[in-house]
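User: I am new to this structure and would like to go through it with you. Could you show it first, please?

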Amino acid sequence: MAAPATNAAAPFDEKYDLPHSQTDDLKTEEDGDDVVHDLFTPFPPLKGLPPEDNPLTVRAVIVGIILGSLVNASNVYLGLKTGFTFSANMFGAIFGYAIVVLVSKISVPILSGFFGPQENSIIQAAATGAGGMGGVFVAGFPAMYQLNLLSDDPKKDFGRILTITIVCALFGLFAAVPLRKFFIINVARDLNLVFPSPTATAVTIRSMHAVGSGAQDAVKKIKVLSATFVGAVVHTVTSQYALGILREWHIFTWFYIWSDYTNWAQNIDNWGWYILLTPAFFGSGMLVGLNTAFSWFGGTVVAWGLIGPLLVKYGVCVGQQPYEDEKWSVWTSFNSMTNIGKPGWVSSPRYWMLWPGVMALVVYSMVEFLIHGRVLYDGIKFAYREGCRSLNDKLEARGKSSPYLSRQAGKLTEGDSLVEDFAPPSQQVPTWIWLSGTIVIACAACVIGHFQFHMNAGLAFFACILGLIFAFLSIHGGAVTDVTPLTASAKASQLVYGGITQPIAHHDIAGAQRINLIAGSIASGTANVASDLTSDFRTGFLLRTPPHLQFYAQALGTIVSIFLAPGIFVLFMAAYPCIWKPELLGDPNCPFKAPSVFAWRAVAEAVTNPKIPIPLSSAIFSGVIGGVTVFQALFKNFYLVGPREKYRAWLPNWMAIGVAWVLGVDSGYANAVLFGAITAWWWIKKFPKNFDTYGYAAAAGLIAGEGFAGVINAVIVLNGKGGDDVGSSIAMPGGEW
């Protein structure tokens with residue numbers, strides 16, 4: 001799924017979409033006027049700090065990789081919970097500052113020495129690289145296991161998983177290098193590409209290194225981030241031993257017991273209405289803003305407070321009663337995803353709502369892609385003119401000339417909207433590195449696809465090209481809205497490959513589904529890594545960090561993630577087989593809802609199997625939702641413009657609504673996100689300066705802390721000491737009382 005915005009809740013400057021107090025930090029120092037610095041040029045150097053000759057240090061890379069690895073582990077956990085993953089940029093920037101400031105006081109050559117904002121940006125670049133690739137393992141790969149497309153044990157497939165991860169990570173890394181010049185230098189001002197989160201990260205780094213109050217503010221951020229991180233870890237690890245007290249408050253089940261087993265109360269709990277104490281999604285709510293939070297909560301109310309109960313009342317859907325105990329016979333699960341299409345099968349409410357949820361996710365994001373497809377045309381035009389300039393330069397070096405090539409090269413610098421690049425050619429990533437790397441990995445994708453996944457080499461190569469195309473659109477979306485639409489990238493590639501594989505006779509259904517999911521993984525993974533690198537380039541551009549050093553830092557982090565993410569994935573699959581084993585899907589006691597997995601699986605089944613059993617009423621409702629989302633996208637982009645653009649904030653977020661419907665019968669995450677968003681809104685309204693000091697750090701610590709604790713829990717479960725083994729089920733439905 002797409003990563004949520006990381007600063008959407010803050011009060012924004014009208015022109016630059018940055019929190020007011022952060023833009024205050026960028027007032028021009030030389031003239032003292034109350035003028036906000038131009039965000040399309042690098043920040044002026046901080047007074048009192050010496051120049052950084054080589055910010056790519058051993059300590060920066062090591063610290064960044066360690067912090068990014070924590071986020072990588074967190075993302076696999078959080079992605080399997082709700083489909084969302086989070087960037088490591090702010091977490092790496094703040095925690096990295098704390099660690100390096102501490103170790104720099106040690107009299108060891110590698111550790112000691114001056115620590116400046118450019119080296120800080122190297123830390124967050126390495127952290128972003130090491131924290132990536134989690135998205136591939138919370139969607140496509142588990143979906144393949146659910147459909148029996150790989151072996152019967154993920155550990156047996158580690159080699160295949162590793163090779164496809166190499167393709168996703170390195171192709172996106174190499175192919176994204178020229179996108180820096182396009183998005184950050186050539187079209188940034190024209191398209192108002194502010195890159196809110198990378199820009200906020202650059203502002204945070206700069207403010208922490210400012211002489212005077214900067215260090216004091218940095219200490220405050222570090223303290224609150226450390227406290228929330230440790231608190232989230234402790235809470236998440238200990239809560240598994242008393243879920244009903246420390247994590248899940250099933251209030252209506254309590255009423256059911258206290259009222260001498262009155263059915264009405266338990267019926268409400270059956271529909272997932274409870275309070276979930278989840279630090280990560282409370283922190284997420286602090287970041288995503290009220291619109292996304294209310295959309296998610298509203299989608300939950302519509303699905304599991306209105307449509308679901310009506311479907312059951314009129315016999316369209318049914319639930320399952322997992323407990324034989326007479327006291328708990330009223331407890332019903334509506335999340336079943338087993339025996340689909342078999343004789344006598346009747347859909348569960350979750351399966352019925354899965355299709356309109358997928359429709360909302362796919363159609364809305366695809367329409368947005370098409371509306372903003374001009375950026376892809378601009379990219380192709382830029383690449384063509386850049387090639388003409390390169391050829392023209394070579395001709396002129398030999399004393400020759402070409403009027404046509406000269407005209408095309410001249411168009412690259414027409415107008416006054418281009419951003420001046422501070423980095424000379426010596427600080428750019430050498431062309432031979434990114435070009436040869438792109439070609440080698442594309443060839444490797446063809447070989448890996450053919451021999452390991454029975455995928456035609458041409459189809460594998462085409463998946464890489466699609467990933468690069470979607471990277472353009474994803475980077476543009478993230479630069480404008482702070483939400484990188486990776487979900488749409490994956491779904492679009494699945495739709496394309498559904499059309500390619502379905503008519504070909506030698507592709508059976510299983511083979512077509514495998515190709516579909518592998519292609520989606522390559523396209524989504526490529527777009528993910530490319531978006532991360534471009535975002536890092538934006539942070540480094542503002543801080544004047546040489547881009548080739550940022551590339552090397554993220555490359556080192558990415559190499560670590562290539563081995564780390566598959567290992568964490570296999571760990572979770574071993575600890576929680578209910579995520580991927582077909583016979584265990586829909587288990588009411590499974591701690592992972594895995595909405596992205598079911599969405600990917602649903603699309604793969606729909607586009608490759610003409611007999612997929614979608615209930616007629618669900619298909620009709622899905623079509624209606626598709627029409628509504630298309631209308632809203634067109635209405636927003638063509639009517640709510642100019643002075644009416646301010647009303648866009650009142651439109652529902654269909655990505656959040658789609659997540660609520662795909663997630664299943666569960667209000668816990670929606671409640672947590674809503675509580676977090678309301679808390680942040682109140683905090684900002686009453687104490688905006690205080691929120692800018694503590695809010696983002698607190699949210700980053702809560703998110704990373706719970707995710708890292710999830711990995712600890714998986715290890716504990718594998719050792720037979722988890723909550724199900726030695727914990728208490730008191731205050732839980734079907735548990736002890």
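User: Let me begin with Cys590. Is it buried or exposed?
Analyst: Cys590 counts as buried, because its relative accessibility is 9%. Buried means under 20% relative accessible area, exposed over 50%, and partly exposed in between, with a 1.4 Å probe and protein chains only. Please note that this is a predicted model, in which local features need pLDDT of at least 70 and side-chain atom pairs count only at pLDDT 80 or more, while totals for chains, interfaces and linings use all residues. Residues are numbered from 1 along each chain as its sequence is written, and side-chain values use heavy atoms, with hydrogens and water left out.

User: Which residue does a disulfide join to Cys590?
Analyst: The disulfide joins Cys590 to Cys578, with an S to S distance of 2.0 Å; the term covers a pair of cysteine sulfur atoms within 2.5 Å. Both cysteines lie in the loop between α23 (547–575) and α24 (595–608), 12 residues apart. Helices (H or I, at least four residues) and strands (E, at least two) are DSSP runs, numbered from the N terminus. Cys578 is buried as well, at a relative accessible area of 12%.

User: Why is the disulfide right-handed?
Analyst: The torsion about the S-S bond of Cys578 and Cys590 is about 65°, so the disulfide is right-handed.

User: How many disulfides does the structure hold?
Analyst: The structure holds one.

User: And why is there no bond from Cys443 to Cys446?
Analyst: The sulfur of Cys446 is the closest cysteine sulfur to that of Cys443, but at 6.2 Å it is too far for a bond. Cys443 is partly exposed, with a relative accessible area of 47%, whereas Cys446 is buried at 17%.

User: Changing topic: how many aromatic pairs are there?
Analyst: There are 36 aromatic pairs in the structure. Rings of Phe, Tyr and Trp (its six-membered ring) pair if their centres lie within 6.5 Å; planes under 30 degrees apart count as stacked, over 60 as edge-to-face and the rest as tilted. One of the pairs is Trp273 with Phe297, which is edge-to-face at 6.4 Å centre to centre and 75° between the planes. Trp273 lies in the loop between α13 and β2 (275–276) and Phe297 in helix α15 (residues 290–313), so the pair ties together parts that are 24 residues apart in sequence.

User: Are those two buried or exposed?
Analyst: Trp273 is buried, with a relative accessible area of 18%, and Phe297 counts as partly exposed at 23%.

User: What about Phe631 and Phe635?
Analyst: They form a stacked pair, 5.8 Å centre to centre with 15° between the planes. Both lie in helix α25 (residues 616–638), four residues apart, about one turn of the helix. Phe631 counts as exposed at 57% relative accessibility, while Phe635 is partly exposed at 28%.

User: Which residues form one aromatic cluster?
Analyst: Phe137, Phe141, Tyr145, Phe569 and Trp580 form one.

User: Back to helices. How far does α3 reach?
Analyst: Helix α3 (residues 89–103) has 15 residues and reaches 21 Å from its first C-alpha to its last, close to the expected 21 Å. The expected span is 1.5 Å times one less than the number of residues. Of the 15 residues of α3, 12 are buried, including Phe91, Phe95 and Tyr97.

User: And how many residues of α4 are buried?
Analyst: In α4, 14 of its 14 residues are buried.
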